[in-house]
Amino acid sequence: MAGQISTSLLLAVPLAPLAGSAIAGLLGTKFLGNVVGRKVSHTATILGVLIALIISVQTLMATLDGFKLNEDLYTWMTVGTLKLAVGFQIDTLTAMMMCVVTSVSLMVHIYTIGYMAEDDGYNRFFSYISLFTFAMLMLVMSNNFLQLFFGWEAVGLVSYLLIGFWYTRPTAIFANMKAFLVNRVGDFGFILGIGLILASAGTMNYAEVFEKADQLALMTVPGTDWPLLTAACICLFIGAMGKSAQFPLHVWLPDSMEGPTPISALIHAATMVTAGIFMVSRMSPLFELSDGALSFIIVIGSITALFMGFLGIIQNDIKRVVAYSTLSQLGYMTVALGVSAYSVAAFHLMTHAFFKALLFLGAGSVIIGMHHDQDMRNMGGLRKYMPITWITSLIGSLALIGTPLFSGFYSKDSIIEAVHASTLPGSGFANFAVLAGVFVTAFYSFRMYFLVFHGEERFGKAHAHDHHDAHHAPAAAHDHSDPHAKHDSDAHHEEEHDDHGHHGLAPGQKPHESPWVVTLPLILLAIPSVVIGYLAIGPMLHGDFFDGVITVNPAHPAMAELGEMFHGAGAMALHGLQTAPFWLALAGVVAAYYCYMVNPRVPAWFYAKFKPLHTLLDNKYYMDAFNQKFFAGGALGVGKGLWNVGDRSLIDGLVVNGSAKLVAWFSTVTKRAQTGYIYHYAFVMIVGVLAAMLYFFPFWRG
């Protein structure tokens, strides 16, 4: 066996980003007097993440040579026989996640130097993204449910800080509160699932719970005839629905675009939203014993993959298009989990992390070049002005739609094949959803690509947007998430007065390529977006990469059939040219080209003919309105009712004011006996003595 990794070295992986975060957050802000400047802050945080990345790569190499570790590092509390500890479980799944998290985080850190250069919260932002990296590493390295829950909640907390980074803007505050509350709904299910497992297995250690999985499968929830494992797995997955933005708990993710673009890449590519996918993969020994839970996962993932993709078609904000593609791809990963293709889900998680981070950072580069205008209707023809951003964004888009030889092809096609091979209830609908989603993904991805990089140059002009692609919802069309524009006199000069007015580049201005700290991460992310799928599919899906880490029930045939069909990465790419997903993706690209480059009247015709459908999509299936009126309005109504009845009537009216009135009445009655005349008092005394004598010495008893 090659290298062994010591626990002290592994401890440096999460602690190095934490140390960088502390330096930037404490010494680099007003908290302790801003004693270090920007250079020290970004150097400390980048160095911390770089150290974590280097050790993570060493760990991955060691796990490929057979190294495994499951060790408690620190006992936090012992309650009877229950031990609550901090520990690490290191295997190939953990090591792969460590490398993905740290590599994408490093790219985001470098990119942030250029992107946030003009922002007053520069040091605070670096502190937050390093803290986010620490929380995610603690989550993926944990060997028990307690530490998993700590990391789970910590990424939720830091995402709240990041989404609301520009805390003076009401839209940002609304978005981060929405993300926080929706995730609490999911986390309630998550902690119920952990509680069921703890109550039944008597331990929170993964390995010990997995050893008892067969016993748990025979148990029922106390007081019911529900299978315990099905209930626990569904509860755990509800947590994943919140964190990984699955329908109907997906509503927070598009609004999280209110945060700066670097955190969009960090949250939506490699970290927070993939936590649920990682968790279910880690819990495969439990989920494999419950077909009911797997079918539930299939249906939820299918709905998310298809219906969230539809919403991407009508978005005009460049970041929101990429956000809805994230929702759709998370649906694909979830479907893979549901058909017992956990290794395929983890594989797509990895490939998606690189090309989705590339697309988000590419969108951020476009926003910089456009002087912080995010509306695609004000772009066009950027290819000649921003060549590096153009080619890297094209690579990211080709990977996203599953072009053969690109990384997304290998993982996405494997998901589609696994779903086709599955016999679990719900897999028929899933098969339709993932195939239809291929066309939808290609259409909205290349709609964005053509509108931004090709065609007429629509920037630098004060004109109304064409109604053929009119998307008047403020949340989508005019949601300018990056208030760097406060440093740019042209950025919002007409926004408050005219919804369709030009902002961004002034007349005569031209876009410009971004600085090297922005383009270097784009180039470095473009490389794995092309090659990582080709290199990794063999060992990860059809080799021994996940042996002993992921459990698959022999009754679930998807992975076995995938293995029979695989004859090498090159052969898979050639075969991919003859399959339905390739032709569907090609049709989506051609349709987008025709609609937005050749004949722009086609979208106008669709808009006129299917206006009710456009309105439905424009309002995001009215889910936000429903949540706002039913849940938020209901909570407000309950709160007002409790205030009126409980606070005003019962507490203030009855208890406080009522007791005061009772005392006042009693005082009024008793004060009448206080006349001030001696003969009145003498009379009362005589009556009292007579009453006492009659009570104690009654003469009628003889």
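**Exercises: cavities and a helix**

A search of the whole structure, a predicted model, turns up four cavities of 30 Å³ or more.

**Exercise 1.** Work out what lines the largest cavity and which elements give two or more residues to the lining.

*Solution.* Start with the volume: the largest cavity holds about 80 Å³ of space. Next, list the lining: I318, L359, G362, A363, V366, S393, S397, M448, Y449, V452 and F453. Now sort those by element, and α16 (342–369), α17 (387–400) and α19 come out as the ones giving two or more residues. Finally, split the lining by character: eight residues are nonpolar, three are polar and none is charged.

**Exercise 2.** Do the same for the second largest cavity: how many of its lining residues are nonpolar, polar and charged?

*Solution.* This one has about 50 Å³ of space. Around it sit K178, H250, V251, P254, L311, Y324, K620, M623 and D624. Tally them up and you get five nonpolar, one polar and three charged.

**Exercise 3.** Take helix α24 (residues 580–598) and find its span, its buried residues and what covers them.

*Solution.* First the span: the 19 residues of α24 reach 25 Å from first C-alpha to last, close to the 27 Å expected at 1.5 Å a residue. Then pick out the buried positions, taking under 20% relative accessible area as the cut-off: P581, A585, G588, V589, A592, C595 and Y596. Those cover an arc of only 140 degrees around the axis, so they lie on the same side of α24. Last, check the cover over the buried residues of α24, which includes α18 (407–421), α19 (427–453) and α25 (601–609).

Note on methods:
Residues are numbered from 1 along each chain as its sequence is written. This is a predicted model: local features need pLDDT of at least 70, side-chain atom pairs count only at pLDDT 80 or more; totals for chains, interfaces and linings use all residues. Side-chain values use heavy atoms; hydrogens and water are left out. Helices (H or I, at least four residues) and strands (E, at least two) are DSSP runs, numbered from the N terminus. The expected span of a helix is 1.5 Å times one less than its number of residues. Buried means under 20% relative accessible area, exposed over 50%, partly exposed in between (1.4 Å probe, protein chains only). The arc is that of the directions from the helix axis to the C-beta atoms. Contact means heavy atoms within 4.5 Å. On a 1 Å grid over the protein atoms alone, a cavity is a set of points where a 1.4 Å probe fits but cannot get out, and a pocket is an open set with protein on both sides within 12 Å along at least five of seven lines; lining residues have an atom within 4 Å of a point. Grid points are joined across faces, edges and corners, and a volume is the space filled by probe spheres set on the points. Ala, Val, Leu, Ile, Met, Phe, Trp, Tyr, Cys and Pro count as nonpolar, Asp, Glu, Lys and Arg as charged, and the others, Gly among them, as polar.
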